[in-house]
Amino acid sequence: MAANVRASDSFVESLENEGVEFVFGLPGEENLDVLDSLRKSKKIKLVVCKHEQAAGFMAATIGRITGKIGVCLSTLGPGATNFTTCAAYSQLGGYPMMMITGQKPIRASKQGSFQIVDVVQMMTPLCKFTKQVSEGELLLSLVRRSTKIAESEKPGPVHLEIPEDIAGESVPYHPPFPVFPVRRAIAEMKAIDAAVKMIVEARSPLLCIAAGANRARTARALRQFVDALEIPFITTQQGKGVIDERHPLFIGTAAISANDYVHCASDEADLIINCGHDTVEKPPFFMHRSGKTKVLHINFYPSEVDEVYFPHGDVVGDIANAIWQIKETIKERQPHWDFRWFMTVKEFADKHVADHWEDTRYPFTPQRVIAAIRQAMPEDGVVCLDNGMYKVWFARMYKTYGQNTLLLDNALATMGAGLPSAMAVKLKYPDRKVFGVCGDGGFAMNSQEIATAVEHGIDLTCIVLNDNAYGMIEWKQHTGGFQKWGLGIVNPDFVALAESFGAHGHRVNSSEELEPTLEKVVNLKGVHIVEIPVDYTLSTEILGPVLAERVKELLSLKPQIPVAREPVPVPTPMDKEPEPKPAEPAPGVVPAPVPVKVEAAPKGSTGPLKYPYYIANVPVFANEDLQVIDKATGEVHAVCAQADEAVVDKAIAAADAASKQMAAMPSYKRKAVLERAVVEMKERFEELALALCAEAGKPIKDARGEVGRLIDTFTIAAEESVRIYGEYAPLDISARVEGFSSIVRRFPIGAVSMVSPFNFPLNLAAHKIAPALAVGCPFVMKPASRTPIGALIIGDILSKAPELPAGAFSILPCTRASADLFTVDPRFKMLSFTGSPDVGWKMKERAGKKKVTLELGGNAACVIDEVVPDIDAVVKSVIHGAFYQSGQSCISVQRIFVNASIYGQVRDAIVAAADKLRMGDPRDEATFIGPMIDVKEADRVERWVEEAKAAGGKVFQHKSYGGLRA
């Protein structure tokens, strides 16, 4: 016979079984048993808040960022009624949440109707499931049942009312019900075929990503869809970050419903592929019955028709699977698709959407504040918005790099949620930087939770944008033609308020203090409240007449694109239909914006990224001896396994042994290896680019360019792998050789030694690796010790190729002392080196009989003569050639000879152009000059400058630096 336990103990164990980590709330008399059971839990942290509404917002936020239920707790009556706004927030937003409320004893109560409200009836229209627990033994099944309901599509709130006597009763012990992933149903094949037909027959299809697509697998599927089909995309406010908004096909966010830049694209699309859209979110565009634009609705549930949303086709089922099936059927961009206008819109919007972000007025424009916040926040930092006028500006111009790194509410759009949401995110992800951003009105609604944050030691910054008014409604009042009245706010001293709660208060008192203040507080411990005065006057003007004029200007650029065309053949599904990829389990959200696909370390580890070396195709985490420094921050970005001479020797032996198998590999298999590598490189495009930013200090735009060249090189190598022809020539040049012919065949040379440099760690590695694989040569590569990560990611990609025999490749970061075998070992049949002339020529002298190819640094000069027709164009080229890659390129402009007659003109133009170059964090989109590879190289440049000055040279001032490091 099972032992008895208290029902509340069984209830808490069930919550633990569901993976609950936090319970937020205010306990009361009626749930003291639950409170006592939580006291004994080793897995659940109780966060006692100052108001139930804040607790509910925190629980909903946990559900939002994890896809698993967040849990909040209150007493009966007034405590329970305070949850209603949170229930609506969860329901409309689609965030799984469980609300637990207490109640008077139901079997015997002596208090009549005191504090009693029919909470179950109250919650019924707001929740997916609500029930009063009438038997303690039912708690186990009710927790499992309600959790499944909350987490299934569309996610939302559930409610359990646990009366005081039920929580305290003794029940037989049973273990919690098992938890298992629920696979979603996939779309019917006929629906997929119809969707494919609509997309292929469109002239200018446009993808719209909405809140329902914010699921981990769905995001991956959408990235692959966009990369493969090259269809431009827009997002709704709650779809921001599903795909990194630095993607070249991102047009913009629909922050308002009409008459913005993105609508110049959506209005001209003949098909919008609306992915994950729910009509509870403010419409990203308006449909018109007489309009030419068709809409394809792809979601977990059918479309809901209203006056402005009536799709022409539905694909109902798991979104990730549907998107994957469509991509696999269409396969690639269709030749008749025309995206010229969309890219014109993108270029125009990118130029103007953030107008006035450098405005120096005080109080600040919201554009300036948002730009400063983006600059201060790391890529995986999370910004949690309350609701107000600023939300429109965040949606329009805050570039979001990953899922759930900008949490805004475009469904219920309630005030008061910003600070609690930020607290929940920080509790869940304590190692990430988190900003709450509130207006003065919204902040006042739950400002008491500062004390909760202080009590629980949450390192958090909350920014209060103070305009002493309800700014959004004031804007609506103004645009509606009403007299300004009734919307002013008399605010407290926010600094003193923060300090009264035990937090740190800051006020930005001048235009010059904004960026330094934010960059300081983002790294501080403790709770920080930062008051920033804002002025929405200019914003009102910009979103009104100025935007209307800009849109008119943009529309004037629209080309006349003919609509009539021949019917388009529609791809048929693959002859042998592949097994559909499994439907996505219950909703979960990727917490980090850029997933690192290298198995970088044993799971659960923290700190710098960890990379193995690769020997004979296999990753080996032998040690962490090689530190890779983030060139912008000076911090350790990653640690890599470093090979010694014995490991290098084993790698060479493996490559030598693999030579015959590699040479015998048919060309179609070599092509397959290279083509699959290209596919994964495209999927990991941003990961590769960001690795370059960190390890080489390469500005993000240049980093993306190098990743593009990597992909191009592997693509060309794949094509050439099946075109390695020989040669036939007749030899009958005299009677003696009449009838003779020569046939030349090409054979792989054998194992290749490769040494790559620091300055183009991806591209120059690709120049060696891709041709070797194309012709069937095994290789051993030594990447530069300061920039090995790109080569190691290539190693990770190649390690998944089943066609490659063991020993086909090794990629070994190692010291110079361990690297001698790369030069002298006779088992290598070829040495390929890129680097300095001094090192290269010495290696050639010691290489023995093997073939040697050297790509060495130069001393490139540029001559500018008086016959130059366009000095500005020449200067532009010179500036790029001189300062690109911080001058750390063998083909950089190092000497300039100018005709004396135009010397002054050229000199002044070069100085002026150099003065405009942006230096700084390589991850910043605007940066042109990032850091040098290390301090030693910076010292060397300064010595050169001093030597030149000593020899009579003159330094032409660049900003305030004058030849010195910034």
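This is a short chat about the domains of a predicted model and one of its helices.

User: Before we start, what kind of model is this?

Analyst: It's a predicted model, where local features need pLDDT of at least 70, side-chain atom pairs count only at pLDDT 80 or more, and totals for chains, interfaces and linings use all residues. Residues are numbered from 1 along each chain as its sequence is written, and side-chain values use heavy atoms, with hydrogens and water left out.

User: OK, which domains is the protein divided into?

Analyst: Domain 1 (4-172), domain 2 (189-351), domain 3 (355-545), domain 4 (609-855) and domain 5 (865-951). Those bounds come from an automatic or database domain assignment.

User: How much do domain 1 and domain 3 bury between them?

Analyst: About 2100 Å², with 66% of it on carbon and sulfur atoms. Buried area here is the accessible area (1.4 Å probe) that two parts lose on being put together, summed over both.

User: Which three residues supply the most on the domain 1 side?

Analyst: Lys50, Arg64 and Ile65, which supply 28% of the area that domain 1 buries against domain 3, more than any other three residues.

User: How many salt bridges are there across that interface?

Analyst: The rule finds 2 between domain 1 and domain 3. A salt bridge is a side-chain nitrogen of Lys or Arg within 4 Å of a carboxyl oxygen of Asp or Glu.

User: And which elements give two or more residues to the domain 1 side?

Analyst: Strand 2 (22-25), strand 3 (45-48), helix 3 (52-66) and helix 5 (84-93). Helix 3 gives the largest share of that side, 9 residues. Helices (H or I, at least four residues) and strands (E, at least two) are DSSP runs, numbered from the N terminus.

User: Switching topic: where is Arg396?

Analyst: Arg396 is in helix 15 (residues 389-397).

User: Buried or exposed?

Analyst: Arg396 counts as buried because its relative accessibility is 9%. The cut-offs are under 20% relative accessible area for buried, over 50% for exposed and partly exposed in between (1.4 Å probe, protein chains only).

User: What about the rest of helix 15?

Analyst: Helix 15 is mostly covered, with 9 of its 9 residues buried. Among them are Lys391, Trp393 and Phe394.

User: So what is Arg396 in contact with?

Analyst: Leaving aside neighbours within four places in sequence, Arg396 is in contact (heavy atoms within 4.5 Å) with Ala255, Asp260, Tyr261, Val353, Leu543 and Leu547.
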